[in-house]
Amino acid sequence: VLNYASVHPPVHLLRYTVVQDISAVVRALEQGVKKADVDPAVKAVVICGTNGTFSAGADIRGFSSIQAGDRPSLASVIDLIERSEKPVVAAIEGMALGGALEVALGCHYRVAHAQAWVGLPEVTLGLLPGAGGTQRLPRLIGVPAALDLITTGKHVLAAEALKLGIIDEIMEENTIDAAIHLANKVSGQPLNSRRLSLKQVQSLPNMDAILSEALVKVKKQARGCLSPEMCVQAVKASVQLPFTEGIRKERELFNLLLSSGQAKALQYVFFAQRAAQKWTTSSGASWKTASAQPIRKVAVIGLGTMGRGIVTSLVKAKMSVVALEQDQKQLEVGARAVTSLLEREASKMPWIGQRPDACDPALLQFTLDFSVLQDADLVIEAVFEDMALKKEIFHKLSAICKPGSFLCTNTSALDIDEIASATSRPHQVIGTHFFSPAHVMKLVEIIHGRHTSPITIATAMGLAKTIGKIGVVVGNCFGFVGNRMMAPYAEQAVFLLEEGCKPKEVDQALEGFGFNLGPFRMLDLAGLDVGWRSRKGQGLTGPKLAPGTPARLRGRRRYSPLPDLLCENGRYGQKTGRGWYQYEKPGARIANPDPWLHNFLIRYRDAHHIKARFIDEEEILERCLYTLINEGFQILDDGIASDPEDIDVIYIYGYGWPKHRGGPMFYASTIGLPRILAKLQKYSEAHPDIPRMQPSAFLKKLVFLGNPPLKEWMSHAGHQSSKL
Ligand SMILES: CCCCCCC[C@H](O)CC(=O)SCCNC(=O)CCNC(=O)[C@H](O)C(C)(C)COP(=O)([O-])OP(=O)([O-])OC[C@H]1O[C@@H](n2cnc3c(N)ncnc32)[C@H](O)[C@@H]1OP(=O)([O-])[O-]
């Protein structure tokens with residue numbers, strides 16, 4: 001773990017490895033520093049990592065075993081380093097994150113490689129820097145910059161860290177030699193001015209306002225998530241209290257977070273996101289045996305909202321892109337929109353100035369000519385959700401594209417196998433479901449069809465990673481994972497309106513739970529016509545609906561025609577200025593309750609003899625969330641998702657599920673499956689005509705088996721995925 005190597009006497013080099021058992025590193029650091037302190041031959045110490053990496057911080061898995069109140073030994077060692085009478089220099093290569101940056105802040109000097117980056121990401125794990133970071137960083141770089149780093153957890157490159165004052169020198173190469181050189185140079189010089197614990201936080205005239213604005217900002221950004229708020233409190237302590245008391249406050253807040261449950265959820269998400277990259281399918285294909293093919297040139301068909309976002313994401317990742325439209329006018333409109341998206345993205349990334357090649361428009365070609373797609377390595381079709389149109393395009397692509405090209409369809413629900421059937425290469429056809437706005441949203445559902453080859457899956461996953469997205473491999477069914485679970489959730493929201501709720505009450509309950517947007521604000525934003533078109537396609541409404549069908553039943557299932565009626569009244573949501581809410585003008589964003597809708601609902605209930613009743617928040621949450629979770633269990637049992645973690649990653653990165661609640665399946669595990677089952681049973685007895693409320697057989701089985709932990713669920717699933 002750590003070498004006490006006298007390779008360059010009189011400077012002693014303490015090396016420690018990347019992510020490891022924190023107590024072993026702490027022990028070794030402690031011994032090394034103590035030994036150097038008493039060794040008269042040692043004049044200075046350099047601390048560095050092995051294999052070109054300083055350290056990614058503490059082992060996140062180790063937090064589950066830390067008890068609130070444990071002796072914070074890392075903090076003690078950092079104090080020891082800082083107190084050392086011999087200069088200690090941190091040589092940062094690769095990265096210094098979390099506890100590792102805290103170690104570096106305890107050192108008297110910091111030298112970093114130009115490609116190294118540093119950060120305090122604890123907030124993203126539901127914690128705060130617990131080894132003095134919240135007290136030392138503000139003393140080093142001032143409160144505004146420290147607040148920014150600590151409350152967001154962002155990483156900064158060495159150049160920015162130098163500008164901020166976190167590091168003292170940047171090296172293009174030989175960082176450790178440079179650190180040794182510096183250590184020799186400063187040996188014998190007084191160290192008090194380099195000990196951050198002895199420094200005062202730089203006072204600012206508007207400090208109170210800075211701190212209270214930061215609190216308002218984090219509360220707004222992370223609804224209900226505690227860690228950003230606690231980070232602000234800890235930084236506030238650095239301003240208001242002497243160092244030792246500030247450290248005590250930091251520890252108190254750290255322990256509070258550690259026992260909050262949110263930290264557990266956020267750490268679960270960290271590992272779930274990584275687990276999702278290790279995909280398997282029910283047929284036994286897996287990430288271990290399939291390798292991604294190199295993708296140099298991508299073609300995108302269709303420059304509507306989705307196509308524009310996808311093109312922007314590809315160009316941002318410096319891929320060569322051909323964008324195709326069907327007529328000159330649409331091509332010009334699409335090209336203008338992409339250019340402005342790229343400009344906006346560039347302005348959001350100040351470092352673009354240093355990398356003029358990023359977002360390079362020369363990487364992008366617009367065309368009307370299908371034959372230009374001939375040599376594309378991968379094509380993403382992003383036209384309307386119209387099966388006939390998609391099949392026509394895939395038939396054409398199959399004939400035009402070179403034999404090795406992969407053919408992807410951006411669809412949110414349609415059958416991948418049917419689309420693939422229009423080609424002569426179904427093994428190279430795959431679904432890539434991007435989320436709107438596609439240049440912003442992180443998620444891509446990667447849907448494999450019956451014939452999709454493992455190489456095609458690996459290539460689509462590789463592409464997602466290249467463009468900075470999180471791919472999750474799922475099976476093929478209507479709505480895949482995300483939209484299939486969203487359907488019963490949105491359905492409940494509308495049923496609740498029929499029974500007496502107002503859109504705002506339903507939205508407030510779910511926004512209070514932590515969603516950025518409640519279901520009605522979300523539907524208004526997405527456009528109500530999208531679902532209407534889909535329901536017409538399915539024959540649930542419109543000309544294909546059998547005459548004489550009762551308004552509120554389809555077969556024996558309860559159906560609400562309310563969303564259809566809104567569309568028939570021209571209310572498509574934000575884009576028409578009217579939907580479940582009213583907006584100042586078409587395209588405006590502020591949703592206001594609409595008296596028209598209120599009266600319309602009263603008339604609707606009268607016409608259908610529905611007696612409105614008061615529905616409390618608990619019922620709103622349980623009916624919306626538990627039906628969504630119930631569908632998740634069905635999806636696991638069907639083998640459409642191979643793990644609960646995959647579902648959780650989809651919901652967090654595609655649907656705005658509050659991250660600090662760990663995703664719907666993790667949330668279910670925290671509530672306890674017996675409670676979820678009991679509630680579903682209660683509601684399904686009250687609403688026997690809502691089949692999606694009937695508890696899934698898999699949920700019942702898990703309750704019968706004694707509510708096993710989430711990690712064990714899949715060993716009991718009917719359709720077990722192979723872990724080859
Ligand atoms: C009273 C007590 C006092 C306590 C004091 C508190 C101290 C301190 O404040 C707390 C911390 O340091 S908090 C820590 C602050 N630090 C952070 O939050 C850093 C979190 N890590 C990251 O951001 C990214 O992993 C890197 C950027 C390091 C690498 O990115 P990349 O190159 O894309 O690679 P990748 O795919 O992401 O990871 C590769 C493998 O490594 C695994 N793993 C990684 N880090 C781990 C960790 N810390 N732990 C465990 N495992 C970790 C990862 O799961 C994966 O495993 P798999 O089995 O192969 O799937």
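Biologist: A salt bridge is a side-chain nitrogen of Lys or Arg within 4 Å of a carboxyl oxygen of Asp or Glu. How many salt bridges does the structure hold?

Modeller: Heads up, this is a predicted model: local features need pLDDT of at least 70, side-chain atom pairs count only at pLDDT 80 or more, and totals for chains, interfaces and linings use all residues. Residues are numbered from 1 along each chain as its sequence is written, and side-chain values use heavy atoms, with hydrogens and water left out. Under the salt-bridge rule, the count for the structure is 34.

Biologist: Let's zoom in on one pair. Which side chain meets glutamate 345 in a salt bridge?

Modeller: Here N and O are 2.7 Å apart in the salt bridge of glutamate 345. The pair links distant parts of the chain, 29 residues apart, with glutamate 345 in helix 13 and its partner in helix 12 (residues 305-316). Helices (H or I, at least four residues) and strands (E, at least two) are DSSP runs, numbered from the N terminus. The partner is lysine 316.

Biologist: Now the sheets. Which strands stand at the edges of the sheet ordered 12-11-10-13-14-15-16-17?

Modeller: Eight strands make up this open sheet, with mixed pairing. Two strands pair if DSSP finds at least two bridges between them. Each edge strand has a single partner, so one side of it has no neighbour in the sheet. Those two are strand 12 (364-367) and strand 17 (470-474).

Biologist: Strand 16 (residues 443-448) and strand 17 pair up too; how many bridges do they share?

Modeller: Isoleucine 446 stands opposite valine 473 in strand 17. Strand 16 and strand 17 run in the parallel sense, and their bridges number five.

Biologist: What angle does helix 24 (residues 644-654) make with strand 17?

Modeller: Axes are lines fitted to C-alpha atoms, for helices over the stretch in contact, and angles run from 0 to 180 degrees between N-to-C directions. Helix 24 lies across strand 16 and strand 17. Its angle to strand 17 is about 135°.

Biologist: And the sheet ordered 5-7-8? Which strands are at its edges?

Modeller: That open sheet has three strands and mixed pairing. Each edge strand has a single partner, so one of its sides is left without a neighbour. The edges are strand 5 (95-97) and strand 8 (155-157).

Biologist: Which residue in strand 8 stands opposite glycine 119?

Modeller: Strand 7 (residues 117-119) runs antiparallel to strand 8, joined by three bridges. Opposite glycine 119 you'll find histidine 155.

Biologist: On to domains. How much area do domain 3 and domain 4 bury between them?

Modeller: Domain bounds come from an automatic or database domain assignment, which gives domain 3 as 501-607 and domain 4 as 617-639 + 642-716. Buried area is the accessible area (1.4 Å probe) that two parts lose on being put together, summed over both. Of the area here, 72% is on carbon and sulfur atoms. The total is about 1300 Å².

Biologist: Which residues of domain 3 lose the most area to domain 4?

Modeller: Contact means heavy atoms within 4.5 Å, and 12 residues of domain 3 are in contact with 16 residues of domain 4. The top losers in domain 3 together make up 50% of what that side buries. They are Phe513, Phe515 and Arg558.

Biologist: How many salt bridges does the rule find across the interface of domain 3 and domain 4?

Modeller: Helix 18 (503-513) and strand 19 (557-558) each supply at least two residues of the domain 3 side. Helix 18 gives the most, with five residues. For salt bridges across this interface, the count is zero.
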